[in-house]
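Here are a few friendly notes to read alongside the model. Please have the sequence and the 3D view open as you go.

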Protein chains: 2
Amino acid sequence: MKIITISREFGSGGRELGKRLADVMGFCYYDKEIITAVAEEVGMNEHYIEKSLNRGFVSAFPFTFHHTMVTHSVNPIPSAELLIAQKKVIEAIADKGEDFVIVGRNADIILKNRNPFQIFVHADMPSKIKRCMQQAEPENLSEKELEKNIKKIDTARLRTRELLSGDKWGAKENYHLTINTTNRNIKELVVPTKEFADSFFRRTI
Amino acid sequence: MKIITISREFGSGGRELGKRLADVMGFCYYDKEIITAVAEEVGMNEHYIEKSLNRGFVSAFPFTFHHTMVTHSVNPIPSAELLIAQKKVIEAIADKGEDFVIVGRNADIILKNRNPFQIFVHADMPSKIKRCMQQAEPENLSEKELEKNIKKIDTARLRTRELLSGDKWGAKENYHLTINTTNRNIKELVVPTKEFADSFFRRTI
């Protein structure tokens, strides 16, 4: 089983890269929206998680490249209960035995013993603001408001990772590859990233 | 003109990756040994630097994957005079207008305005010690001594970069790509790295 985990700064295009990578590799694809939806629907009952993952729930989940959180003012740190449910969903996904790409939710930590290929995607702030403005629902946030929200979400990601692991979120040492998407079109990065993933799964030492 | 700069932790295999990458891309190749040799030979006279670079000095310079510093006890921070001479050599290389890969010597900072593709190569300490033991001249340093020397050399690199730039050495934000070579065979990473470099030079935004 081949697993690719993508961690990313908000607005860096990591989710789009993950979806496109899954498509070209022929892998299943999971992200925060899917995992959270399953976790919220089924709570922590593993039997229901499995049923939910198997009955086509995931493939029916509409994927867009739109951002879904940047305009929210809610606390972006999930509750402990939701984190536990998300973890069980992620483990259930891996137990299915299929190759998959998973974006976010600290999946690299949760799946560490299954030896995933770990990617971190980042960009500079102007590039992330630009991407959010192009892709977010049109709520007309100012650049300043967007920057504030981006920082808030990424701080939550850093703190949530701290909760689960001693590994620092975003530190290159904790990933096989970090990709800077500043001024880059995500589509161009799909094939190079696939080459790295392929070489990782073929590795000889 | 296409320029690829490689910065690397000592023992991570960055130099081998740079040489192999230059070979598959058909680019010229320069590294610390070459630049320092030219700088020491010619001092700071740019006319002589150019003559030295043109008369086949570089291609005659023997390349090995062996490490050349880990067993030395000299202070690994170059003198200011040598840094200035190295900078002039690097600028003279770029002025030749050929595509090239350059490893070390803060070439990414020196050549920033020529828009190089910037790579950072790193690995965990056990992996770097193993690589040094396999490749260094057989002086039979203990693992502990090797670790001490590796840390000393990398601290010197960090401090030398601080001198030239506000950019932090090794921070992912300052590179287009960071590659973790822990438990990897460098040969396997050449084609994926080439794909990233190609996509960078073809980029559309």
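1. B:Thr178 is the residue of chain B that comes closest to the rotation axis, with its C-alpha at 2.5 Å. A turn of 180° with a shift of 0.0 Å along that axis lays chain B on chain A at an RMSD of 0.0 Å (a least-squares superposition on the C-alpha atoms of residues with pLDDT of at least 70 in both copies). This is therefore the relation of a two-fold axis. Both copies use the same surface: 100% of chain B's contact residues recur in chain A, where contact means heavy atoms within 4.5 Å.

2. A word on the basis: this is a predicted model, in which local features need pLDDT of at least 70, side-chain atom pairs count only at pLDDT 80 or more, and totals for chains, interfaces and linings use all residues. Residues are numbered from 1 along each chain as its sequence is written, chains are lettered from A and ligands numbered from 1 in the order in which they are written, and side-chain values use heavy atoms, leaving out hydrogens and water.

3. Now look at A:Asn174, in the loop between helix H8 (143–164) and strand S5 (177–180) of chain A; helices (H or I, at least four residues) and strands (E, at least two) are DSSP runs numbered from the N terminus. Is A:Asn174 buried or exposed? A:Asn174 is buried, at 14% relative accessible area (buried is under 20%, exposed over 50%, partly exposed in between, with a 1.4 Å probe and protein chains only). Beyond its neighbours within four places in sequence, A:Asn174 touches A:Gln118, A:Arg161, A:Asp167 and A:Lys168.
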